[in-house]
Structures are given as structure tokens and as C-alpha cells.
Amino acid sequence: MSARVVVPVAFLVLACLLWRAYAEAPPTIEPRGASPAAAKSPAPLGAQGCSATGCHGHPVANSLTSSPEDSCWRSASTHWQAVDPHRSAYAVLDSTLAKDIVTRLARGDSSWRSPHDSRCLACHTNPALASDDAAAAFGISKESLTRLRSEGVSCEACHGNASNWLVPHLQWNSPVARTADHASVGFAPLFDLGQRALACAGCHVGAPAHGDTPARDMNHDMIASGHPRLNFDFAEYQRRLPPHWLEKNGDPQAKEKWPSVQNTPGVESRAWLIGTIAKAEAASRLLADRAKRSRLEIAAAPWPEFSESNCYACHHNLLPESWRRADPSYLQGRNPGSASWQTLWPFQASIDLQRELPEWKGAASQKALNALLHTHRADASAVQSAATTLADEFRSARIALAAKNEAQSKQILLHLLKGDALSNTRPLDWDEAGQAYLAFLSYLRDGPDAARKLLESKHLTPLGESLRFVPGSSSPGLFEPRRIRDRFQQLRGELP
Amino acid sequence: MDGTRARKRRPTRDPIVRTTVFLVTAILTAATGAGLLWGIATGRAAPARVTSATQPYGVGSPASISPSFSSNTSCSASACHGNGAVGRPGSEQSTWAASLGDKSDPHRRAYSVLFNAASQNIMRLLDAGLPAEKQKHAHENPLCLKCHALDEAKLFDHEVLSHHALSEGVSCDSCHGASAKWLSAHYESGWALLTSREKFEQYGFRPLKNLTARTLACASCHVGDADREVNHDLIAAGHPRLAFESARFHFAPQYLQHWSEKLPAKDFEVRAWYIGQWVNLRSAVALLESRARGVEEKPWPEFSEGSCYACHQSIGESKPRRFSPGSLDRAAGVIPWQTWYASLAKVLPAIHSSIVEGGPIPEEQVQDLLAPLAQLRVEMQKTRPNAAIVADLAGQARLRLDAWLSRLQEAEDRGAFRPTTRETGLEMGRQLVASALREDGATLRDSDWDFVAQHYLGLAAVYHAMGGASGSLAGWKPAIDRLQKSLAFEKGFNSPRDYRPDDAAVALKELQQILNTMRASR
């Protein structure tokens, strides 16, 4: 191995170790994209800029067969190429489904021509490459742009375009300066869980346009045309994604205490908590943006945008005796014929989370937004302003929670699971139950193995089964909230 | 207009005067009829006797009539309509109030159902957001009473009626018109000399013998009108969906009718269906207009304007609707507008000449009638329907439909409707199938359940009118049965749970083939 490779590698390993020794609570990094765009957008280099054998393309990726270890960064690209689903994000645009979706979309909006539309590319490749002007903006040929796009959601889609940080990041050596180093060159601070969750939510929930990146908005027209619904849960998605990184945990002794920091008690709870807040923040920003774009003269966004509602509030078969009509508390004060806004459990307008989650100060803003949305004619301009206020409240809570360590996070989640958001008074619909289920799953994953397995098999697995859709269906069919609620109560009874 | 003028017009009992009036009327009628026939024969549009009428009689309540309430006990005197012999003339009120086996008139129970558990739950949900002191019972709520009892505002100029009066439910005055003005006139012999329009406009009496006027009366509750509606909130709270269809309601097996139709059953069923389609379309458009004009107070978009089952279905990869990209004319993701009342708008003109004398409606007239409707659909199926534009288009559509309905009404009054025969039945069947299927003869033009169900109801009206399985269209039976089966709700459901539009398409294709052989063998 040449010195050219060994020196920086040794440097980085050393940096990692040093950081582990000195780092304290996760630093707060605010915010990528919120500051005015840099004078010149960083240019994309493509995955091949990262995948050199001496950089992140080491041919032996142990992370494929065991938990990631300190050196996993060396094969991060190899690992990604081998198993990461984001890799095929672009290729699926050539599928029959994608073509069918566009055919259906074109019926309502003739500007739809192909699945390589910037509205699809915004999430099916590096978002910075999605714009129609991207080739000109980056001074590259159309062919080069297509080649870069065809990498799918690769390194730079999440870490940011690399032209400004490719060289500097080889030289960083102080974990203490990590935050500042990343910020100085626009390298996405994905080591901050809140920032990482927001980066995921940018596509998995949606995001307004910023800089050269077009709006990422997968709306009801697209879903009705065949695109799967976005059901983002950060902790669960992260569990399912084979990690090509090692969690930079805040606890300096983590490595000694646990065979892998991935298993530090509280990691899952922390991911769920921060991820859920980040999702709510992203959803509120997207709503504000949709409300804003609905008032455009040209190419106005739909309003009301049906995908802002709970899907199964409408998409269910009708029954003479429906649980939805059995208990007025289900409506939480809205008109029976209106559709409820985004289910962001446990952030329900009717529940005060002050006791369980003192970091959350947005209850009043949420109430105000819900009051607007649950009238039959939500005024887009009022919604835009209320949703922006709410997004800012979620942002404050996210920053406050990202400063908590794993043990604290686990305690907070425990309080939430035992608190009013899952009390016995109101039937939960599928969306609420699904999110509460994932919260329990995250909490139990942080517990000792034996107890976890027992509780999972006794309560959680049957709960998951009763939430499962029948094969071939994308909706809950005959959903029985009473049984679900009973199961949650049993599970709550077993909590410490 | 007041009582003095009405009294002046009261018909005389002098036999000489009566005879003279009769003769003059007869001559005038004959002359008019001859003129009409001549017009038809020469291919010109019939010179309508009341060309000025832009509205059919029977719409709303005449502005000039604001009588006070008189209880239906006035009708139920034994010498009038309460003779007690259920099912016989002279016992109309007795029949209305009676139960005969499992048959009765459901209008009688319209008020009492407001006390049942379902009604209580509806109100509990509707008023869930209100403080306790503002929550109402259904039987005190004008929203409910407008259709579940005599409508005080509309019929009696806001006179507050007693619970006793309301408790009669949808009683005589609800359909026949507020009776105070015509009560003492309608049994006078000269009453018969008044035109239906005069009876309505001067006395507030609804001539329900005329199917247009009758269906307009039905539709004011069963579809809705400017101040009566069953909106999506009410449905979501538990009120059944309104899906009115005149022929089906007339022939509801447990409906005990207090009158007998003068028409032969086969003609009546087809006409009830055909006129009902136009009247319901007009009523739905008028309702939309009032909703769009009232957006400051009312929900917008109002979901009950859309197809219920476009949204209310389970969704997924195995559901055939979503995965046939070429199967619809509208954009994915929007709610199709008024699939119940407007799905047959294009085919009705094509059917017209099978039902009414005078040949096909001229093409430009059809265009003029349907153009605002088509624009209305486009606007309503946008992702952001503009209420002001909708109100304007709906207003234009309503005016045209009103003018058309008044012509239809005149045609009915002058007896210009054709009897239903095997030939007209076949022609209507052919038109309906061609409207449901695309040119390929195999795929549905619209797979929406409402769209297919409306075509089924039209076909079924013709099939049953001609005697069903033992009539001259008996050959339709397998296809009609198959079509019905493809639309039936699974037991325990209020929506088409596993609806397979492809099954409906197969049934319609089968009917098309049957129609071809029947025509060939003619």
C-alpha cells in the first residue's frame, strides 16, 4: 500500500480514536440549507470520487457480514454498492410501474412526459442533480449529468456535493472540531442524528425547494397513479438499512461497555425520538410549502392536498356499524366528514405532552394549525404561516432532544409510552397504532435481550400482526381498534 | 297573491258555463295538438304552447304562496281521503298511514326515526365539537326537520309548527304543496279545468300526476336543494348516502303506494327512470350551485359531490382500478364529480327519441344543453375547483336544464310520450351499453361503481318494464343478472368491498352480444 494512502488513512483512524476519547454530548449543528445558499454551489463529483480502493472502496467489506467496526469507512462505498437500496433509486425509473405512473399523471397534467422528470429525479438521484438546468449550473455535459444521475441516491445525495470538501476531509484530525470542520465546507453533518433524520426526511417525507434543488413533493396525484405511500419512520428505516458507518456515539466508554456501540442501550430510543420529531418538522415544512405553492399563478400545487391527510380516513370500506362512529372522542373536535391531518403520533392536538416531553413547547401551535386544517376550507395562506410556526417548534424540540444522551432518551420514550398519548380513552386509528407500535419496538430493542424477546413474542409481535395488511392490499381492510388498544394496554402494563 | 284573487278564479258550478268552457277548451286543445303534430311532422321543433316557461312547474314553492299550516287531519276526513279502505280511492290518507303486511309508506316514519339510536348517534358526532348547551336533538334540529317533517320555512313561511304537526312526518302538504290555498278549491269541479301550471303557480298545488313535477318534489329531499342537503359531514356521522333513482324508489318492494298510476306499468317504469334522470341531474346541479355560492359558510370542496367509492375503498396492488392506465378519462388523484347523477348525461339525449315522440333532439340543442355540464365536470375535477367558476357554470347548466325540463313536462302533459315496445327497449339497451363500454366493446368507459350502477339501473328499468324474465326482453336475463352480481355489496358492507369492474365489463359485453343477436333475429 503506498504512503499516499496509508498516511491519510492512519490520520483518519487516529482522528476517530481521538474523537472517541474527547467527544462529549452530540454537538448541535444548525442548519444545512437554512442559511443563504453559498455563493457558488459545490459541484458533484459522483460516487467514483469516493470509491477508490484506498478511500471508501476497499474490496473487503466486513460490514456486509458483521456489525460495522472502526475501519468500516474504508469499504463504505463497496458496502453501499453491494446492498444499499438507494443504489437502485434511479434504475427503478425505467420500470413498468414508473412508466405507468407517468402515463396516469399525464392525464391530469400534460407536462408529465417521462419518469426522468425533475419531479421524480428530485428523490431518485442526488437531489442537487435533479433540476433541468443542472448540466449548465455545474458546467458539465448532458451525458455526464445522466451518468451522475444514474448512480441513484449515492454518496453526495446524503453527504452533500463533494467539490468543496473532498480534499479537506482527508486532513481533519480533531473530533472536537468535527462540527466546525463539516460546516466550513458544507459536508453534511450526518453524525448528528437530528440532521441525519432531516436528510432522510428530505425525500422520505418531502421538502421545499432550496438553492438549485427542486421541491421534493410526492403528492396524492402520484400515489393515486401508483407510487407507494411514504410511511417514514427513521428508527425503523435505519434498522432496515445495512449500515456502512459506525455510530459516532457520545459515550466515550461505549466501546468498552458494549461489544458494538450500535447496541448501546438507548440508541434505538434516541433514534426514534429524534427521528419522529424530525419527521414532524419535515412534514410541517412541506405543508407550509404546499400551501405556498397552491397560491402560485402557474403550476399551482393542489389544495387541499389529500396526501396531507391520513390515507385510511378515506380509504376504507364502509360498514353499517363503524368504530369510527362509535366514539366521538375519535374526532378530536373536528367535523365528522373532514379528514384528519398527518398522523404524527404522539403529537396529537388533543394531548398535552408537557409532562412527558418538556422539550416540546408547540402544543398551542399545533392546536392552531389543526383548527385551520379541520375546518372544511383551510385557508392556504393561514396554513402556510401556522405550519411554519409549528415546524419551528418541532425544530427547537429536535435540537433539545439531540442534546440528550441515550439513557435520557430512553427515559423520555418510556414516559411517552406510559403517558396520555396511549391512554385508554380514545380509539387509535391505523396510522397512530402503527407509529406507537414502532415506538415500542424501538424502546424494547434497547432493553436486555431476554426481557425484550419475551415482551416481543408475548405482545409486540401479535400487535404487529394485527396491523399487517392482507397480501395484495395497501390498506388495513377490517381494522379493529379496540383489540389493538387492548394489546397496547397489556404492553404498557409490563413497562417498568 | 292573496285569497281574494284565488276565490275569483274558483271554478263555477253552473252546468251551461261548464259545458261552454269545456267545449272552448276542447277546441283549443285540439287545435294546439294539431299544430304540434304538424310541427313534428314537418320536422320543426314543436311550437311549445308555453314557450315562455323557462322553468318547469313544481320547482320549489311558488313565491306568491305563503299559506299557513292546516293539519293533515283536513285531508283525512272520511268523505275525503280518509275512508279507511286501505288501497282504495278515497282512502289515500288511510293508505299512507297504514301498514299492510310488511308494506307501508316510509314517509310516515320520517319524523319518528329522528328519535332512534342511529339518529341520536349522528347528532352526537355532528355536535361533538360544540359545548353541551348548544348540542341539539335531531327532532329539534332544522337541518333534520327540513326533510324529516313538514318544512316550516319553505311551506309555511317560517310559521313555527307544533310537535304534533311535525310528528306527522313527510305528510300530505310536503309533497302535494301547502294546502291552505287549494284545500277548498281542489274538490270543486272547475279545478279540473285549470292547467297544472296554474294549479301550481296560483294555488301552490303540485300536480304530481306529471312525473317531472313529481320527481322534482321527491328530489328536493332525496337529492337536496338550496336549503336542504345531506353533506359529507352528515354521511360521515352515519346518515345513509342519498342515491336517488326514481324508478327504483317507486318500485321499492315494501313501499305501500296510496295512489295508482294511470299509465301502463311498462311505460311508467321507463318514463319514471328517464324523467328521473333529468330531474335528478337538474337537482344535483342546483345543489352544487348553492354549495358553491355559499362557500363562506359551507364546506368546499364538498366531498359528497364526489364519487363515494372513489375514496372509500381499500387500496393496493391487487385492486384492478389503479393499474389500468388507459381506463379513465380523468386525472388520477382527483375525486370524480357526481358519478351518481351525471353519469348518464351524455346518453340521455340519444335515448330521448325512444321515449318521446318527435324524433331525435337536434345536435346543436344537445350541445347547448350539455356544454356547461361538461365544463362543470372539468372544473370540479381540478385539484382546486374554483367555487366562483363552479357557481357560474352550475347556474348556466341549471338554466338550460330547467328550460329542457319544462319542454319535457309539456310533452308529458300533451301526451307526446311513446309507449315502450320491444323495439324501443332494444334501442335504449343498445344506447346504454354503448355509453358504458368503449368503442372496443370490452372495456368500461369509467370503472367507477356509480357510473356502472347507473347504467345497470337504466337497463334494469327497461328490462323489468318489458316483463323481465317472462317478457319480450327475457334474453337479457343472464347478462342483467351478471351485471347486478358484479355490483352487489358484500353482506355487512355499505360499499363495494372487492368491486371488480372487469366483471361488470364482461356482463355488459355479453349484453351487447345478446343485443346484436336480438336485432339480427328481428
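Helix 3 of chain A has a buried set made up of Ile101(A), Val102(A), Arg104(A) and Leu105(A). Because these residues cover an arc of only 165° around the axis, they end up on the same side of helix 3 of chain A. That fits the usual helix geometry: an α-helix has 3.6 residues a turn, so residues three or four places apart point the same way. Part of the cover over the buried residues of helix 3 of chain A comes from helix 11 of chain A. All of this is read from a predicted model.

The two helices turn up again at the contact with chain B. Helix 3, spanning 96–108, and helix 11, spanning 220–224, each put at least two residues into the side of chain A that touches chain B. In total, 37 residues from chain A and 39 residues from chain B take part in the contact. On the chain A side, the largest share, 6 residues, belongs to helix 3. By residue class, the side of chain A that touches chain B splits into 12 nonpolar, 18 polar and 7 charged. For the complex, the predictor reports an ipTM of 0.83 and a pTM of 0.86.

Chain A as a whole has 21 helices and 0 strands. Of its 496 residues, 46% are buried. Among contacts in chain A with a separation of 6 or more, 75% are between residues 24 or more positions apart.

Just ahead of helix 3 in chain A sits a loop that follows helix 2 (76–83), and His86(A) is part of this loop. His86(A) counts as partly exposed because it has 18 other C-beta atoms within 10 Å, under the 20 needed for a buried residue. Leaving aside residues up to four places away in sequence, His86(A) touches Gly152(A) and Val153(A). Between His86(A) and Asp109(A), which are 23 residues apart along the chain, the C-alpha separation is 28 Å.

Then there are the backbone oddities. Most residues other than glycine have a negative phi, and most peptide bonds are trans. In chain A, the bond joining Trp303(A) and Pro304(A) is cis, with omega about -5°. Pro304(A) belongs to the loop between helix 14 (267–293) and helix 15 (311–314) of chain A. Ala299(A) is placed in the loop between helix 14 and helix 15 of chain A too, and it has a positive phi of about 55° despite not being a glycine. Ala299(A) is exposed, as only 8 other C-beta atoms lie within 10 Å and the limit for that class is 12.

Chain B has a cis bond as well, running from Trp300(B) to Pro301(B) with omega near -5°. Pro301(B) lies in the loop between helix 13 (265–293) and helix 14 (308–311) of chain B. A positive phi, near 40°, is found at Gln338(B), again not a glycine. This residue is in the loop between helix 14 and helix 15 (348–355) of chain B. Gln338(B) is buried, since its 24 other C-beta atoms within 10 Å satisfy the threshold of 20 or more.

How confident is the predictor about chain B? The average pLDDT of chain B is 87, and 85% of the residues score at least 70. Confidence in chain B is highest in helix 20 (residues 477–487), at 98, and lowest in helix 1 (residues 3–8), at a mean of 38. Residues 1–13 of chain B have pLDDT below 50, and this stretch makes 20 contacts beyond near neighbours in sequence in the model. Residues 31–52 of chain B also stay under 50, with 18 contacts beyond four places in sequence. Where pLDDT is low, the predicted coordinates should not be read in detail.

Key
Residues are numbered from 1 along each chain as its sequence is written. Chains are lettered from A and ligands numbered from 1 in the order in which they are written. This is a predicted model: local features need pLDDT of at least 70, side-chain atom pairs count only at pLDDT 80 or more; totals for chains, interfaces and linings use all residues. Two residues are in contact if their C-beta atoms, placed from the backbone, lie within 7 Å. Helices (H or I, at least four residues) and strands (E, at least two) are DSSP runs, numbered from the N terminus. Ala, Val, Leu, Ile, Met, Phe, Trp, Tyr, Cys and Pro count as nonpolar, Asp, Glu, Lys and Arg as charged, and the others, Gly among them, as polar. pLDDT is the predictor's confidence in each residue, from 0 to 100. The arc is that of the directions from the helix axis to the C-beta atoms.
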